[in-house]
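Let's walk through this one together. Keep the 3D view open, and click on residues as they come up.

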Amino acid sequence: MNKNALCFSCLYIEERPELGVNDELIYCIKKDKILRPKSECEFYVKSTDETRNALHSQIYGVLFEDEFEDE
Ligand code: SF4
């Protein structure tokens, strides 16, 4: 496994075991598929607290807003 691959520092990596990933494969949220870690990728975004929070707001923020609207 290439631990220097971009995916391991990317915002879009998801390593949930139930997705069938192992040491050689990762699940990419952006591409919505399991793949081998990449050393080049046009969609790469460095994972930081700020970018993770922005992504979580994008994914979950809408759900929370919908819940509040129903109450
Ligand atoms: S967007 Fe590219 S670099 Fe990021 S996890 Fe997916 S394949 Fe890897």
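Of the contacts in the chain between residues at least 6 apart in sequence, 45% join residues at least 24 apart. Bear in mind that this is a predicted model. We'll come back to a few of those sequence-distant pairs once the framework is in place.

So what is the chain built from? It has one helix and three strands, and going along the sequence they come in the pattern β-β-β-α. The three strands form an open sheet in the order β1-β2-β3, with antiparallel pairing. At its edges sit β1 (13-14) and β3 (33-35), each of which pairs on one side only. As a reminder, strands of a sheet pair through backbone hydrogen bonds, either parallel or antiparallel. Zoom in on β1 and β2 (residues 26-28): these two run antiparallel and are joined by two bridges. For a concrete example, pick Glu14 and look across to Tyr27, its bridge partner in β2.

Stay with Tyr27 for a moment. Is this residue of β2 buried or exposed? Tyr27 counts as buried because it has 20 C-beta neighbours inside 10 Å, and the cut-off for being buried is 20 or more. That puts it in a minority, since buried residues make up 7% of the 71 residues in the chain. Tyr27 also belongs to the largest nonpolar core, where it is joined by Cys7, Cys10, Tyr12 and Ile26, five residues in all. In soluble globular proteins, nonpolar side chains tend to be buried together. Within this core, Tyr27 and Tyr12 are 15 residues apart in sequence, with 8.3 Å between their C-alpha atoms. Tyr12 has its own set of contacts beyond its sequence neighbours within four places: Cys28, Ile29, Lys30, Phe43 and Val45.

Now for the ligand. Which residues surround it? Tyr12 is one of them, and the list also includes Cys7, Cys10, Cys28, Lys30, Cys41 and Phe43. By class, the shell has nine nonpolar and three charged residues, and no polar ones.

Lys38 is another member of that shell, and you'll find it in the loop between β3 and α1 (49-70). Lys38 counts as partly exposed because it has 17 C-beta neighbours inside 10 Å. Leaving out residues up to four places away in sequence, Lys38 touches Ala5, Leu6 and Cys7. Here is one of the promised pairs: Lys38 and Cys7 are 31 residues apart in sequence, yet 6.1 Å apart in space, C-alpha to C-alpha.

The loop between β3 and α1 also holds Ser47. With 15 other C-beta atoms within 10 Å, Ser47 is partly exposed. Apart from residues up to four places away in sequence, its contacts are Ser9, Cys10, Leu11 and Arg52. Ser47 and Ser9 make another such pair, being 38 residues apart in sequence and 5.8 Å apart C-alpha to C-alpha.

Last stop: the loop between β2 and β3, where Asp32 is found. Asp32 is exposed, because it has just 9 other C-beta atoms within 10 Å. Check its backbone too: Asp32 has a positive phi of about 55 degrees, although it is not a glycine.

Terms used:
Residues numbered from 1 in each chain as written. Predicted model: local features only at pLDDT ≥ 70, side-chain atom pairs only at ≥ 80, totals over all residues. Near = placed C-beta within 6 Å. Nonpolar A, V, L, I, M, F, W, Y, C, P; charged D, E, K, R; others polar. Pairing = 2+ DSSP bridges. Helix = DSSP H or I, 4+ residues; strand = E, 2+ residues; numbered from the N terminus. Buried ≥ 20, exposed ≤ 12 C-beta atoms within 10 Å, placed from the backbone. Contact = placed C-beta atoms within 7 Å. Core = buried A, V, L, I, M, F, W, Y, C linked by C-beta atoms within 7 Å.
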